[in-house]
Amino acid sequence: YLHSGMYTFELGEADARTPVEARFSYVWRNINGDWKISHHHSSVRPVEAAPTPTKEEMLPVARDNFKRWNDALQTKDPKTV
């Protein structure tokens, strides 16, 4: 189960804290009926988001990534995959 979102935390000395916006993600795994965190990532939110690529820009990249993945799978070599 993936849980992600945004939060604000404070940095600095107790008398001079600065709020910082950040993003987080948790990957939860059910182990014997108990939900455990199997991965966590947190990072400062970028000041400006990168421009979203257009479909025309992304299509060749996606096709290339798919081909590389498919070619790797065809080798049946775990190190290649």
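## Close-up views of the predicted model

**View 1. Tyr1 and Trp35 are both exposed.** Exposed denotes a relative accessible area over 50%, buried under 20%, and partly exposed the range in between (1.4 Å probe, protein chains only). The structure is a predicted model, in which local features need pLDDT of at least 70, side-chain atom pairs count only at pLDDT 80 or more, and totals for chains, interfaces and linings use all residues. Residues are numbered from 1 along each chain as its sequence is written, and side-chain values use heavy atoms, with hydrogens and water left out. The whole structure contains 5 aromatic pairs. Tyr1 and Trp35 form one of them, an edge-to-face pair with 6.5 Å between the centres and 70° between the planes. This pair joins distant parts of the chain, since Tyr1 belongs to the segment before β1 (2-11) and Trp35, 34 residues away, to strand β3.

**View 2. Tyr7 and Phe9 form a tilted aromatic pair.** Their ring centres are 5.7 Å apart and their planes meet at 35°. Rings of Phe, Tyr and Trp (its six-membered ring) pair if their centres lie within 6.5 Å; planes under 30 degrees apart count as stacked, over 60 as edge-to-face, and the rest as tilted. Tyr7 is partly exposed because its relative accessibility is 30%. Phe9 also falls in the partly exposed class, at 24%. The two residues belong to one aromatic cluster with Phe24, Tyr26 and Trp28.

**View 3. Gly5 lies in strand β1.** Strands (E, at least two residues) and helices (H or I, at least four) are DSSP runs, numbered from the N terminus. Gly5 has a relative accessible area of 22% and is therefore partly exposed. Beyond its neighbours within four places in sequence, Gly5 contacts Ala22, Arg23 and Phe24, where contact means heavy atoms within 4.5 Å. From Gly5 to Val27 the C-alpha to C-alpha distance is 12 Å, across a sequence separation of 22 residues.

**View 4. Asn32 and its backbone in the loop between β2 (18-31) and β3 (34-44).** The phi of Asn32 is near 55°, a positive value in a residue other than glycine. Most residues other than glycine have a negative phi. Asn32 has a relative accessible area of 77%, so it counts as exposed.

**View 5. Lys76 is located in the segment after α1 (55-75).** Lys76 is not a glycine, yet its phi is positive, at about 55°. With a relative accessible area of 74%, Lys76 is exposed.

**View 6. The protein as a whole, with 1 helix and 3 strands.** Their order along the sequence is β-β-β-α. The radius of gyration is 20 Å, well over the 12 Å that the globule rule gives for 81 residues, so the protein is more spread out than a compact globule; this radius is taken over C-alpha atoms, and the rule is 2.2 Å times the number of residues to the power 0.38. The C-alpha trace spans about 60 × 45 × 20 Å along its principal axes. Buried residues account for 6% of the 81 residues. Of the contacts with a separation of 6 or more, 15% involve residues 24 or more positions apart.
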